[in-house]
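Notebook open, coffee poured. I want to look up the internal space first, then go through the helix packing.

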Amino acid sequence: MRQHAVIGLIGGMSWESSAEYYRIINREVRRRLGGVHSARSLMWSVDFGEIERLQHQGDWDALTEKMKDAAIRLERGGADFIVICTNTMHRMADAVTEAVNIPLLHIADPTAQKVKAAGVTKVGLLGTAFTMEQDFYKGRLRDLFGLDVLVPPAPDRRIVHDIIYRELVAGEVLAESRAAYRKIIAGLVAQGAQAVILGCTEIMLLISEEDSAVPLFDTTTIHAIAAVDRALAS
């Protein structure tokens, strides 16, 4: 049997969601190949304490160097392509791509393809404040895929962001936070969102389809399965 490609995962942002990537990827490989097959993969897992501090200090240059270093380590280790296991750190996707000679599977691309395949043109976006407010993610969805992207108002963006950093990255899943997200999702639907992108890889720990009146697109699952698609097609 031909060996499939080696997936290079940049993880630890946070490890809670990176563990989900690992589980989803290996479960999907086993489902497709049968028996006790699993994915050929490498993971470079960062210290999220350092990452979180630099994010909130706005030191994106230092963060870019950390992501480039991680990608280079994975390439040297034998990875055939790179997966950044977080939405926010795709802010430096172009720099990571330029740092290595292997491709990067951008998290927004398979997500947008799924959204468009569902016939959705106007989509809500939940994530960290960086993902919701900066253009590196929304702009890609708009410019490459023609999607109209809605985000919550500023007070709700703060709630979404704080729950991610104070609870979800630490594995805390609270009923009151789920209720808050449900209300914010309902607000996006009221603005005209036909679906909502869970644009932070931890949100899937808190929210599921039953929490929304419109379809939810979980970037963790979509990205992980897209990695399997590429690995098995290589």
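Before counting, I pinned down the term: a cavity is a set of grid points where a 1.4 Å probe fits but cannot get out. I also keep in mind that this is a predicted model.

**Entry 1, cavity.** How many cavities of 30 Å³ or more does the structure hold? I find one. The largest cavity contains about 80 Å³ of space. I listed 13 residues lining the largest cavity, and those closest to its centre are M13, T86, T88, T128 and Y165. Which helices each supply at least two residues of that lining? They are helix 2 (48–57) and helix 8 (154–166). Sorting the lining by class, I get six nonpolar, six polar and one charged.

**Entry 2, a cis bond.** M13 turned up in the cavity list, among the residues closest to the centre, and I came back to M13 for its backbone. The peptide bond running from M13 to S14 is cis, with omega near 0 degrees. I placed S14 in the loop between strand 1 (7–11) and helix 1.

**Entry 3, helix 1 on helix 10.** From that loop I moved on to helix 1. Helix 1 (residues 15–33) packs on helix 10 (residues 219–233) with the axes 9 Å apart and an angle of about 45 degrees. Helix 1 and helix 10 are therefore oblique to each other. I noted a right-handed crossing where helix 1 passes helix 10. On the helix 1 side, the contact is made by S17, E20, Y21, I24, I25, E28, V29, R32 and L33. Helix 10 brings T219, T220, T221, H223, A224, I225, A227, V228, D229 and L232. By class, I have ten nonpolar, five polar and four charged residues in the contact of helix 1 with helix 10.

**Entry 4, helix 5 on helix 7.** Next I checked helix 5 (residues 108–117) against helix 7 (residues 135–145): their axes come within 10 Å and cross at roughly 55 degrees. Why do I call this pair oblique? Angles of 65 to 115 degrees count as roughly perpendicular and those under 35 as roughly parallel, so helix 5 and helix 7 are oblique to each other. Helix 5 passes helix 7 in a right-handed crossing. A108, D109, A112, Q113 and K116 of helix 5 meet Y137, R140, L141 and F145 of helix 7. I sorted the residues of this contact into five nonpolar, one polar and three charged.

**Entry 5, helix 8 on helix 9.** Helix 8 was already down as a supplier of cavity lining, and I looked up its packing last. Helix 8 and helix 9 (residues 175–190) have axes 10 Å apart and pack at an angle of about 145 degrees. Left- or right-handed? The crossing of helix 8 and helix 9 is left-handed. Helix 8 uses D156, I159, V160, I163 and I164 for the contact, and helix 9 uses S177, A180, Y181 and I184. My class tally for the contact of helix 8 with helix 9 is seven nonpolar, one polar and one charged.

Technical notes: Residues numbered from 1 in each chain as written. Predicted model: local features only at pLDDT ≥ 70, side-chain atom pairs only at ≥ 80, totals over all residues. Heavy atoms only, no water. Axes fitted to C-alpha atoms, helices over the stretch in contact; angles between N-to-C directions. Parallel < 35°, antiparallel > 145°, perpendicular 65-115°, else oblique. Left-handed = near helix turned anticlockwise from the far one by under 90°. Contact = heavy atoms within 4.5 Å. Nonpolar A, V, L, I, M, F, W, Y, C, P; charged D, E, K, R; others polar. 1 Å grid on protein atoms, 1.4 Å probe; cavity = no way out; pocket = protein on both sides within 12 Å on 5 of 7 lines; lining within 4 Å. Points joined across faces, edges and corners; volume = space filled by probe spheres on them.
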